Amino acid sequence: MDFKDDVQLDSSQTESRGRGIPGGGLAVGGGAAGIVALIVALIFGINPGDVTGGEPAAVGPTSDLSAQCKTGKDADQNEECRVVGVVNSIQDYWPKVVQGYEPAKTVMFSGQVDTACGAADASVGPFYCPADRQVYLDLSFFKQLESQFGAKGGPFAQAYVIGHEYGHHVQNLLGTSAKAEGGEQQGPESSSVRLELQADCYSGAWAKNAYETGVFEKPFTKADIEEALSAASAVGDDSIQERTQGRVNPDGFTHGTSAQRVKWFTTGYETGDPAKCDTFAGSI
Ligand SMILES: [Zn+2]
């Protein structure tokens, strides 16, 4: 993944809140409580009800992304600026395919954050809050993805996750999320699983069209895509259950199996067409 050196970044689509607090590190502990939080959350998305109130968010110094992240060169060198660049590309893509697309901001945070969906900490993983239409990202999550979930990691693993969250934003704008709310929230064929797999597929559709957004130096490589597939596989419900409970229980699925997540990202990537992401029709 290589940004065009001289492309101008638009840092107004992102915000860095409370990062860089001394001692304000990863909120995920070990032990049973940590594991429960991961089961609920580790999936790139939460039901708003899963984010419970708690201590008010620690608001630390806000780093000034507009000063820090000016060009593609900055995105190649700095993780926060890379998020800015990826978000810019995603939000250049979607208005071309979704009429009336409205931009959504990504908030990078450290430790805890207050959202219109409640207070959240790093243990819930990246998520989209429909109530304030913002994506929330604790960058420490990506290290966890490698260390605890065995994903390959890398810049494109991160891009896949951000693409997935914006997929939820698109679902929100199109009314898909509202429709899915009435359906089953758990189980192998549940509305929740279908919604999540569609978000993976949308992420793939963006990836296929990302080069045309003018932000990147060259189209994504096979190695880039492998980072996404590795991440998608690592966060499959079956893999997470196996790792945390030692067995697989399909009745508890909320996001789809590893194989399904890989399959739907790939469908989006190979077709480059969000219309092919119809996970609500037929078998998944
Ligand atoms: Zn999700």
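Start with Ser-16. Its bridge partner in β2 is Met-108. One residue back, Glu-15 stands opposite Val-107 of β2. Strands here are DSSP runs of E, at least two residues, and helices are runs of H or I, at least four residues, both numbered from the N terminus. Two strands count as paired if DSSP finds at least two bridges between them. β1 and β2, the latter residues 105–109, pair in the parallel sense over four bridges.

A word on the model. It is predicted, so local features need pLDDT of at least 70 and side-chain atom pairs pLDDT 80 or more, while totals for chains, interfaces and linings use all residues. Residues are numbered from 1 along each chain as its sequence is written, and side-chain values use heavy atoms, without hydrogens or water.

Now the faces of β1. In a regular strand the side chains alternate between the two faces of the sheet. β1 does this: Thr-14 and Ser-16 point to one face and are buried. Glu-15 and Arg-17 point to the other face and are not buried. Buried means under 20% relative accessible area, exposed over 50%, partly exposed in between, with a 1.4 Å probe and protein chains only. Over the chain of 284 residues, 53% count as buried.

Next, the whole sheet. Four strands form an open sheet, order β1-β2-β6-β5, with mixed pairing. The edge strands are β1 (14–17) and β5 (127–129), each paired on one side only. The twist averages 25° from one strand to the next.

Two helices to note here. Helix α4, residues 79–97, packs on the sheet and touches β1, β2 and β6 (134–138). Contact means heavy atoms within 4.5 Å. The direction of α4 makes about 165° with that of β2. Axes are lines fitted to C-alpha atoms, for helices over the stretch in contact, and angles run from 0 to 180 degrees between N-to-C directions. Helix α6, residues 155–174, also packs on the sheet, touching β2, β5 and β6. Its direction makes about 25° with that of β5.

Last, a helix pair. How do the axes of α8 and α11 cross? Helix α8 (191–209) and helix α11 (258–271) come within 6 Å and cross at roughly 40°. They are therefore oblique to each other: under 35 degrees counts as roughly parallel, over 145 as roughly antiparallel, 65 to 115 as roughly perpendicular, and the rest as oblique. Residues in the contact include Leu-197 and Cys-201 of α8, and Trp-264 and Phe-265 of α11.
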